[in-house]
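Good morning, colleagues. Please look at the sequence and the structure on the screen while I take you through a few selected features.

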Amino acid sequence: MQKTMTQPANTAEPAEKKTGNAAEYKGGELELRDIFLAHGDIDVVKNMSLKVAAGTTTCVIGPSGSGKSTLLRGINRLHEPRRGDILLDGRSVLRDKPESLRLRIGMVFQQFNLFPDHTALENVALAPQHVKRMPKGRAREIARARLCEVGLDSRSDHRPRDLSGGQQQRVAIARALAMDPEVMLFDEATSALDPELVNGVLELMAGLAGGGMTMVVVTHEMGFARKVADQVVFMDEGEVVEVGPPEVLFETPRTDRLSRFLSEVL
Amino acid sequence: MDNLELLRQTFLDGQAMLDVLPQLLGTGLKNTLIISIWATVIGTILGMILAIAGISRSWFIRGLARIYTDIFRGLPAIVTILLVGQGLARVSRDLFGASPYPLGIFALSLIASAYIGEIFRSGIQSVDKGQLEACKALGMSYPRAMALVVVPQGIRRVLPALVNQFISIIKDSSLVYFLGLLTAERELFRVGQDAAVNTGNLSPLVMAGIFYLIITVPLTHVVNHVDNKYRTGRRRPTAPRSGLDEVSELSSARDTTPAIRTSTGAQ
C-alpha cells in the first residue's frame, strides 16, 4: 500500500528487470476439427477447422460479428462447441473437464477482467495458489517473476484501479502466464487501450511469440498480424474465408470479401 | 403555558427518565443488542445460503429460494413472530427451556434472512460477468470462482445495505415482546413500556426511543460514509502522469525484445 506514494519511475536496480526476457515457453500444438459454435439455435461459427503448430502465432481477423471472439472462447470451452473436436498436442480435450483444459490455455480479454479487490501481485498469484495448490510463498514468487517480465514489478502492490489500461492488460498477461500455459488466447487485447499504450502490449505479445508460445490472437492490429503472425485467418459470417501466411493474405487477397475488408482497415 | 408544561411532563419528565435509565442500560439495551446481533448473524448465514440457492443453475432450488423469500418478505413481521413464537413453543421448550427468547431470535432471523438473501443475491449478480470468465479461463471451477472472487466482491458492494438491514432488525426486535418475555429478558421497548405503564407517564418510553436513536442514527451515518467511500473508491489522489512514461517503463524492462515497429516479420 505504501508503494502508492513512491515515485513510479523504476529507479531501483534496473539491471534486474532485464531478466524477464530470458523466459522460454513450451508452446503446445492446437487443432480444431469441424467446430460449430452456436448461440441458441444460430451457428455463429460454422465448420471451422484450424491447425496452429506448436510455438506459432495465428492471428484471426475479420469484421465485427464474424465470430472471431466466439471462436476464441470455443477453444478454451468458455463457449462449449456444439459439434467438432479440439485437439491439444494431438489429443482430444472435449471429454475432459473444461477446467483441466483451461489450465493449459491462458486467455487475455479485451476488458482485462482483473480482480479489482486484489493487488497486481495477488491477481497473478491467485490461480497458482488456489488452482495449482502451490504454497502461498511459491505462488507469490512466481507472480513476482511474471510481473517482472511484463515490466510491472514496481507496481505489484497496486490495485487495478490505480493502473493504466496498458498496465492492467500487462498484469492480465502475467496472470495468464503464471499458470504456465501451452497456448495463449488474446481477445482483442489492445482494443480498449489508449493509443499510446497499445504498442507496449503488442511488444509484449510479440515477445511471447518470439519465445515459443503458441498463440491465437483475435486482433484489429493489422500491423501486428503482418509482422508477428505465422498464419492469418480471415473470418466472416462465422466461416473461414481465407487462411495463409500474412504476406500472402495481405498482399494478394484471393477473395473479394478480404479485399474489401483490408481496404476498410488499412 | 400550562399546555406546554403538560406536554413536557408527559414526554420529558426528567425524574421518570432518570429512574428508568438503569433498567434500560442494564436490561433493555443488553437484550436488544443480544437479540439483534443473534438475529443478524443467523439471518446472514441463512441469507447467504438463500442467495447461493437463488442464483443456482437448478430451477428447483431457485424456486425454493424464491418461495421462502416471498413468504418471509411478504408477511408482516408480527405475524411471523407470533406464528413461530407460539407455533414452535413446544419444540423450543425441549431445546432451550420455557423462555420464548430463542424463538423470538429465530423468527427475526427468518425474516432477516429473506431480506439479506435478496441483498446478497443482487450484490453477487451485479458483479461483472467478466470476473467469472477470467476465473474460469484460469482453470477455476464454478464454486471456487464464486467463493474466491465473485461472492466477496458482491458482498463488499452490499455492505451498506446490510447495515441498513441491521438497523431494521434492531427496530423489529421490539416486536419480540409480544411473546411474553421474563423480566430479565425484556428489551428496550418493553422496559420503557412497563415503566410508562407503572408511572402513568410516557417519558420512560421516550427514553427508550432515545436509546434506539443512539444506536441507529450513528449507524445510518456510518453507512453513508462507507457508501461514499466505496463509491469514490480507495484511490488516492495522484499527480497526472503522461502515458508516455509507461511506454518507457516497459521498454526499460524488456529492452532486449525487438520492438514491433522495427522488427521484420515473425521471429
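**Chain B, then chain A**

Chain B contains 11 helices and zero strands. Read from the N terminus, its elements therefore run α-α-α-α-α-α-α-α-α-α-α. Please bear in mind that what you see is a predicted model. Of the 267 residues in chain B, 41% are buried.

Let me stay with chain B and turn to its surface. Which residues make the nonpolar surface patch of about 460 Å²? The patch is formed by Leu4(B), Leu7(B), Phe11(B), Leu12(B) and Leu202(B). Leu202(B) is placed in the loop between helix H9 (188-199) and helix H10 (203-232) of chain B. Its relative accessibility is 35%, so Leu202(B) counts as partly exposed. Membership of a patch requires over 30% relative accessible area, and Leu202(B), at 35%, meets that requirement.

I now move to chain A and to a pair of helices. Two packed helices are described by the angle between their axes and the distance between the axes. In chain A, helix H3 (residues 120-130) packs against helix H4 (residues 136-149) at an angle of about 130 degrees, and their axes are 8 Å apart. Are H3(A) and H4(A) parallel, perpendicular or oblique to each other? Angles of 65 to 115 degrees count as roughly perpendicular and those over 145 as roughly antiparallel; H3(A) and H4(A) are therefore oblique to each other. The crossing in which H3(A) passes H4(A) is right-handed.

The next topic is charge pairing. Side chains of opposite charge can pair when their charged atoms come close. Over all chains, the count comes to 22 salt bridges. I have chosen three pairs from chain A.

In the first of my examples, the side chains of Asp89(A) and Arg104(A) meet in a salt bridge, at 3.4 Å from N to O. This pair links distant parts of the chain, 15 residues apart: Asp89(A) is in the loop between strand S4 (83-88) and strand S5 (91-92) of chain A, and Arg104(A) is in the loop between helix H2 (98-102) and strand S6 (105-108) of chain A. Asp89(A) is partly exposed, with a relative accessible area of 43%. Arg104(A) is also partly exposed, with a relative accessible area of 23%.

My next example is the salt bridge between the side chains of Asp180(A) and Arg146(A), at 2.9 Å from N to O. Here the distant parts of the chain are 34 residues apart, with Asp180(A) in the loop between helix H5 (165-177) and strand S7 (183-187) of chain A and Arg146(A) in helix H4 of chain A. H4(A) is the helix we met a moment ago, packing against H3(A). Why does Arg146(A) count as buried? Buried means under 20% relative accessible area, and Arg146(A) has a relative accessibility of 11%.

My last example joins the side chains of Arg257(A) and Asp236(A) in a salt bridge of 3.2 Å, N to O. Arg257(A) lies in helix H9 (residues 256-265) of chain A and Asp236(A) in strand S9 (residues 231-236) of chain A, so the pair ties together parts that are 21 residues apart in sequence. Arg257(A) counts as partly exposed, at 34% relative accessibility, whereas Asp236(A), at 14%, counts as buried.

Returning to chain B, salt bridges that share partners join Arg66(B), Asp70(B), Arg73(B), Glu118(B) and Arg121(B) into one network. Thank you for your attention.

Terms used
Residues are numbered from 1 along each chain as its sequence is written. Chains are lettered from A and ligands numbered from 1 in the order in which they are written. This is a predicted model: local features need pLDDT of at least 70, side-chain atom pairs count only at pLDDT 80 or more; totals for chains, interfaces and linings use all residues. Side-chain values use heavy atoms; hydrogens and water are left out. Patches are made of residues with over 30% relative accessible area and no salt bridge: like charges are joined within 9 Å, nonpolar side chains (Val, Leu, Ile, Met, Phe, Trp, Tyr) within 5 Å. Accessible areas come from the Shrake-Rupley method with a 1.4 Å probe; for residues, only the protein chains shown count as cover. A salt bridge is a side-chain nitrogen of Lys or Arg within 4 Å of a carboxyl oxygen of Asp or Glu. Helices (H or I, at least four residues) and strands (E, at least two) are DSSP runs, numbered from the N terminus. Buried means under 20% relative accessible area, exposed over 50%, partly exposed in between (1.4 Å probe, protein chains only). Axes are lines fitted to C-alpha atoms, for helices over the stretch in contact, and angles run from 0 to 180 degrees between N-to-C directions. Angles under 35 degrees count as roughly parallel, over 145 as roughly antiparallel, 65 to 115 as roughly perpendicular and the rest as oblique. A crossing is left-handed if the near helix is turned anticlockwise from the far one by less than a right angle, and right-handed if clockwise.
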